[in-house]
Amino acid sequence: MMDVPVLLITYNRKDNALKVLKKLKEAGVSTLYVACDGAKDNEKDKEKVKKTREAIQDAIDWRCNVKYRFSEKNQGCKFGPVNAIDWVFGQEEYAIILEDDIIPNITFFPFCKELLERFKDEEEIMMVSGCNITGKTESSEESYFFEPIATTWGWATWKRAWVKYDLTMQGWEEMKKKKILKKLFPRDTAFSLKRDFENVAVNDADIWDYQWQYTMINNRGYGIVPKYCMVQNVGFGDAEATHTNEMKFKYQDFPMPFPLIYPNEIKGNREYERYIEKQIYRVNYLHLFIKKVLPERAVRKIREKKKNG
């Protein structure tokens, strides 16, 4: 039996939610929180949300203490997840968090459970991720390593960490002034993070996870990144996805070997960090220069000429 509370965040993708529930049943999850956002103001979405909720309730047929939070209004991609996580940590000290497009393998659950217990009193450790976006980091001799940025595609955290979450990024201007990102990260990574954080802080973007990355950095925290990726993000390429409908998840998940091999110190992995910089945060400075110098009309003409050969 899996006695760590699990939060499932869902909306209108019934089939995806059922795939996650199948894994939760296989893991023997004994305490489950289900948060489902409300439908948008159209009949098609209302019907999809209704069917998703009914299917979820029918699928939870194992011995499980389950609580539901079905929103009447559509909260969106920012307040929906944030309110759901607040709800859970109003009742629990730690939890595993899964959105409905994240399908974990069975080793994800004991991995999170073991490390939630191991680092429960370590303030600088703020999350446990089940995702390694490289697929696997062969150079790591240990089962995991520590990074100031980790993905929330299947993750776990503690109430003590979540209470630091800064949705409005109140300290962003001070972080920019002190050039914290430049001090902590390579050039491209720092540039990309600054651009992303600025977009969220200034434009009030309908997103929540960049603010969590900011919170970790602002608190000099670390996330645990596994040597092997233990999740699949099936939201990539999904027409119903909000932010990943045109992207592809190009790597598979792997089972985590047990017993876990613990690192002797809090340190990152250079192979992983180089991949992140080159594949995730790489900046096309020529493109940025052209965009800055040339009028938008000229940029469009160049693109059209290039496209037409």
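This short talk walks through one protein chain, from its overall make-up to a helix pair, a buried aspartate and an enclosed helix.

Please keep in mind throughout that what we are looking at is a predicted model. The chain has 309 residues, and 50% of them are buried. Its secondary structure comprises twelve helices and ten strands. If we take the contacts in the chain with a separation of 6 or more, 81% of them are between residues 24 or more positions apart.

Let me begin with two helices, H1, which covers residues 14-27, and H2, which covers residues 43-59; they pack with their axes 9 Å apart and at an angle of about 20 degrees. Because of that angle, which falls under 35 degrees, H1 counts as roughly parallel to H2. As for the handedness, the crossing of H1 and H2 is right-handed. On the H1 side the contact is made by Lys14, Ala17, Leu18 and Leu21, and these meet Lys51, Thr52, Ala55, Ile56 and Ala59 on the H2 side. Sorted by character, the residues of this contact are six nonpolar, one polar and two charged. It may help to recall, when looking at such a list, that an α-helix has 3.6 residues a turn, so residues three or four places apart point the same way.

I turn next to Asp100, which sits in the loop between strand E4, residues 94-99, and strand E5, residues 102-104. Is Asp100 buried or exposed? With a relative accessible area of 3%, Asp100 is buried, because the cut-off for that label is under 20%. And what does the side chain of Asp100 reach? One partner is the backbone nitrogen of Tyr11, at 3.5 Å, and there is also a polar contact of 3.0 Å between the side chains of Asp100 and Arg13. If we set aside the neighbours within four places in sequence, the residues in contact with Asp100 are Leu8, Ile9, Thr10, Tyr11, Arg13, Asn16, Ala17 and Val20. Ala17 in that list is a residue we have already met, as part of H1 where that helix meets H2.

Finally, I would like to look at helix H9, residues 209-218, where seven of the ten residues are buried, so the helix is largely enclosed by the rest of the structure. Which residues of H9 are buried? They are Gln211, Trp212, Gln213, Tyr214, Thr215, Met216 and Ile217. Just after the end of H9 comes Arg220, whose backbone takes a positive phi of about 55 degrees.

Terms used:
Residues numbered from 1 in each chain as written. Predicted model: local features only at pLDDT ≥ 70, side-chain atom pairs only at ≥ 80, totals over all residues. Heavy atoms only, no water. Axes fitted to C-alpha atoms, helices over the stretch in contact; angles between N-to-C directions. Helix = DSSP H or I, 4+ residues; strand = E, 2+ residues; numbered from the N terminus. Parallel < 35°, antiparallel > 145°, perpendicular 65-115°, else oblique. Left-handed = near helix turned anticlockwise from the far one by under 90°. Contact = heavy atoms within 4.5 Å. Nonpolar A, V, L, I, M, F, W, Y, C, P; charged D, E, K, R; others polar. Buried < 20%, exposed > 50% of the residue type's maximum accessible area, 1.4 Å probe, protein only. Polar contact = N/O pair within 3.5 Å; in protein donor to acceptor, adjacent residues only side chain to side chain.
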